[in-house]
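This briefing walks through selected features of one protein chain, arranged by topic for a reader at the bench. Please keep the sequence and the structure open beside the text.

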Amino acid sequence: MTIRKISDNSGLLLLSVLVGICSGASAVVLQTLIHLIQNGCAAAFRASGRSSLVYFILPALGMLVSGLLVRYVIRDDIGHGVTRVLEAISKGESRIRKHNVWSSQITSAITIGTGGSVGAEAPIVYTGAAIGSNLGRRFGLNFRNMTILVGCGAAGAVAGIFKAPLAGVLFTLEILMFNISATSLLPLLLSTVSATVVSYAFLGDATPFHFELTPFSIGNIPFYIVLGVFCGLVSIYFQKTTLWIEDKLARMAHPFLRWLVCGLSLGLLIMFLPPLFGEGYDSVRELLNGDEVLIDRGTPASSLLGSPWGVPAFFTLVLLLKVPAMTFTNAGGGVGGTFGPTLFVGAIAGFVVSRSLNLLLASYSIVIPEQNFVLAGMAAAMAGVMKAPMTAIFLIAEISGGYRLFIPLIIASATSFLVSRISERYSIYTKRLAQTGELITHDSDRAAMLLMHTCDLVRDKYPRMNRKDSLRRMVEVISGSSAAVIAVVDSRGRFVGLVDIGNVRKYIFRTEEYDTLTVGDLMEHAPATVTEDERMEDVMRKFDSTRAWRLPVLRADGRYLGFISRSRILAAYRDKLKEFSEE
C-alpha cells in the first residue's frame, strides 16, 4: 500500500490515531513490565532473607542481562533513546529499525525493574517513534509525513506514560521536530489524546504525582528565582558530568570490564544512598506528600539526618550522585534515559532549596512551601537540562494537577533555562549531534541541506580524456559533446585535472598545433575536489570559497566519478525543502 491510497489529510490523521493507540499501549506494557519485575525481585529477595544485598547485586545483574540482550540478540545500539530519534531524523530520513518497536521496552524494563538508576521515558519515546517510522514506511510516506508520524509516536509515548497529552505535543515540538506548520499539529494532538485514553483505560485516571497544593503567594517570587538559578547550575552540572563520565567509560574497550566497573560503582552508590535505587519516583511522591524520603538508618549517609542542616546536606549528596549513578547504569549495559533522572534531580533540588530557606528564615516566621518547590524544581531542572521550558511547565502541571502553580513553574523554569543557556546552548539530547554538525531540528534550511547526499547529485555526462591525448583528439571530443568541461584522468581513472572548453576555444582554430599540443598542456587544476560521501554543507563551503560553478567528485582513492554543479544542488535543495515543508 502506498500513500496514494491515503493521500488526503484524513489518511495521515487516521495513521496518527493508530500510532497514538500503539504508543499508549506500549507505555502501558512498559510500566506493567517494570512493576512485575520489581515485585518479582522484591519477593525473591524477601524469601531468601538477604534483602540487604538487593541494592548491591540486583542493579548490576539487570545491567548484565540487558547488555547481553543488546550485544548478542538485538545487535544494535539502542541507548539514549531521544538522541537516537533525533539521529534518525537527521541522518536516516526518519527511518528507525523494526526491532526498536520492542527492544527498548524489554531491555529498559529489565534495567529499571532491577534497580537501574535511569528513567523509562527515553526508551518509550524511542519505541513510539519506531512505531510511527515503521508505519510510515509501510504506507510509503515521504520524509515530511513520516517525520510527522515519528513525532506522533514520540508524543504519544510521553502522553501515555505521563497521561499528559499537551506535554507530549510540546515535547515533540521543542525537542524533536524542526519547523512544521500549524496544520501539522492536528496529527500530534490526535496521537497524544489517543495514547492518553489508552493509558487511562488500563492504568486508571490518577495522576502520576498527587499532592496537597499550597496556594501561591506573590511574596515567594524571589525564592522561586533563587530556585531557578540553583536548578540552572544543577542542569549545567548534570549535562557536563554525564557527558564527561560517558567519554571516560567509553575508553574501556572490553564491555564486560566496563560492566564490572559500572556495576560495582552503582552498587556502592546505592548502598551508600538508597534513594538512588531505580527511577526514584517513589521518593519524589514522598517529598510531594510532605515526607522526607524513608531512609534505612543503617546506611553510612543516614547519620546526616540527625541534625537540621544534615537533611539538606544528605539530599544534596543524593542530587549530586544521581548523575553518576544514572551514567553508570547506561554505560554498564543498562538501557534507560535521562528524562526520569532529570525530574528526580529537580525534585531533590527543590527540596534542598526550600528546606535550606526554611532553616535560614525560621527566625523571621517565613515558611516556604516545600512541596510546591519540589514540583517547581522538577520543571526547572527539565527546562535547564532539556532546553525545553514549555514542555517542562505543562508536563509538571499535567502530571501533578498543579495548574494553580503556573506562575512559579514559569518563573523557575525560565530562570533555570536562561542560566543553563549561558553555559550550554544545546540540550543533553542534542549535544552529541550538534558536535558532529548533524543536528537539523528547528532549522528547515539546514535540514534540507543535511538530507541531501552528494553521491545522488553527481553527473557523469562530461567526456574523459588522458593528459597525453592530442589537441586534435580533444577537438573531436568537443565536437561530439555539449559539455562545458572535460575531465582529465590517468590510466587508472584517477582525476588529474580538467579542461574548460571556454578557456581553450582559441586553440581550436590553430590547426597547425593539433598534433603538438596535448590535453596536459591545456589542462588546469580544479579549484577544489569533492568526495562522494562529503556533507553538503562542506560542499557548499567549497563552492563559496572557490566561486566555481561545478566541482569534480572523487572516490576515496581519487578515482573520478563526475561533476556536481551549483544549479543541481539548488534544484535538489528546493525539492527537499518542499518535501517536508509544504502542506
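How many aromatic pairs does a search of the whole structure find? The search finds 10 aromatic pairs, and the model in which they are found is a predicted one. The points below begin with these ring pairs, then turn to the strands of an open sheet, a nonpolar surface patch, a loop with positive phi values and a contact between residues far apart in sequence.

**Aromatic pairs**

- A pair of aromatic rings is described by the distance of the centres and the angle of the planes.
- Phe-216 and Tyr-224 make up one of the aromatic pairs, with 6.3 Å from centre to centre and 50° between the planes, and this pair is tilted.
- The two partners differ in their cover, since Phe-216 is partly exposed at 26% relative accessibility, whereas Tyr-224 is buried at 1%.
- Phe-495 and Tyr-560 form a stacked pair, because their ring centres are 6.0 Å apart and their planes meet at 25°, an angle under the 30 degrees that counts as the limit for stacking.
- Phe-495 belongs to strand S3 and Tyr-560 to strand S6 (residues 560-565), so this pair ties together parts of the chain that are 65 residues apart in sequence.
- Both Phe-495 and Tyr-560 are buried, and ring pairs link these two residues with Tyr-462 and Phe-563 into a cluster.

**The open sheet of S1, S2 and S3**

- An open sheet is formed by 3 strands in the order S1-S2-S3, and the pairing within this sheet is mixed.
- S1 and S3 stand at the edges with a single partner strand each, so one side of each has no neighbour in the sheet.
- Strand S1 (residues 464-465) pairs with S2 in the parallel sense over 2 bridges, and the bridge partner of Met-465 in S2 is Val-488.
- Between S1 and S2 the chain passes through helix H19 (residues 471-479), and the resulting β-α-β crossover is right-handed.
- On its other pairing, S2 meets strand S3 (residues 495-500) in the antiparallel sense over 5 bridges, and Ala-487 stands opposite Leu-498 in S3.
- The hairpin of S2 and S3 has 5 residues between the strands, and there Gly-493 takes a positive phi near 80°.

**Cover of strand S2**

- Strand S2 (residues 485-489) is mostly covered, with 5 of its 5 residues buried.
- Val-485, Ala-487 and Val-489 point one way from S2, while Ile-486 and Val-488 point the other way, and the residues of both groups are all buried.

**Helix H2 and the nonpolar patch**

- Leu-68, Tyr-72, Val-73, Trp-102, Ile-106 and Phe-256 make a nonpolar surface patch of about 550 Å².
- Helix H2 (residues 54-74) gives the most to this patch, with 3 residues.
- Val-73, a member of the patch, has its place in helix H2, and with a relative accessible area of 53% Val-73 is exposed, because the cut-off for that class is over 50%.

**The loop between H2 and H3**

- Most residues other than glycine have a negative phi, which gives a background for the next two points.
- Arg-75, in the loop between H2 and helix H3 (81-91), has a positive phi near 55° although Arg-75 is a residue other than glycine.
- His-80 is found in the loop between H2 and H3 as well, and its phi is likewise a positive value near 55°.
- As for cover, Arg-75 is exposed with a relative accessible area of 65%, whereas His-80 counts as partly exposed at 32% relative accessibility.

**A contact across the sequence**

- Ile-175 has its place in helix H7 (residues 165-176), and this residue is buried, with a relative accessible area of 4%.
- The C-alpha atoms of Ile-175 and Leu-86 are separated by 8.5 Å, although the two residues are 89 residues apart along the chain.

Note on methods
Residues are numbered from 1 along each chain as its sequence is written. This is a predicted model: local features need pLDDT of at least 70, side-chain atom pairs count only at pLDDT 80 or more; totals for chains, interfaces and linings use all residues. Side-chain values use heavy atoms; hydrogens and water are left out. Buried means under 20% relative accessible area, exposed over 50%, partly exposed in between (1.4 Å probe, protein chains only). Helices (H or I, at least four residues) and strands (E, at least two) are DSSP runs, numbered from the N terminus. Two strands pair if DSSP finds at least two bridges between them. A crossover is right-handed if, with the strands pointing away from the viewer, the path from the first strand over the helix to the second runs clockwise. Patches are made of residues with over 30% relative accessible area and no salt bridge: like charges are joined within 9 Å, nonpolar side chains (Val, Leu, Ile, Met, Phe, Trp, Tyr) within 5 Å. Accessible areas come from the Shrake-Rupley method with a 1.4 Å probe; for residues, only the protein chains shown count as cover. A salt bridge is a side-chain nitrogen of Lys or Arg within 4 Å of a carboxyl oxygen of Asp or Glu. Rings of Phe, Tyr and Trp (its six-membered ring) pair if their centres lie within 6.5 Å; planes under 30 degrees apart count as stacked, over 60 as edge-to-face and the rest as tilted.
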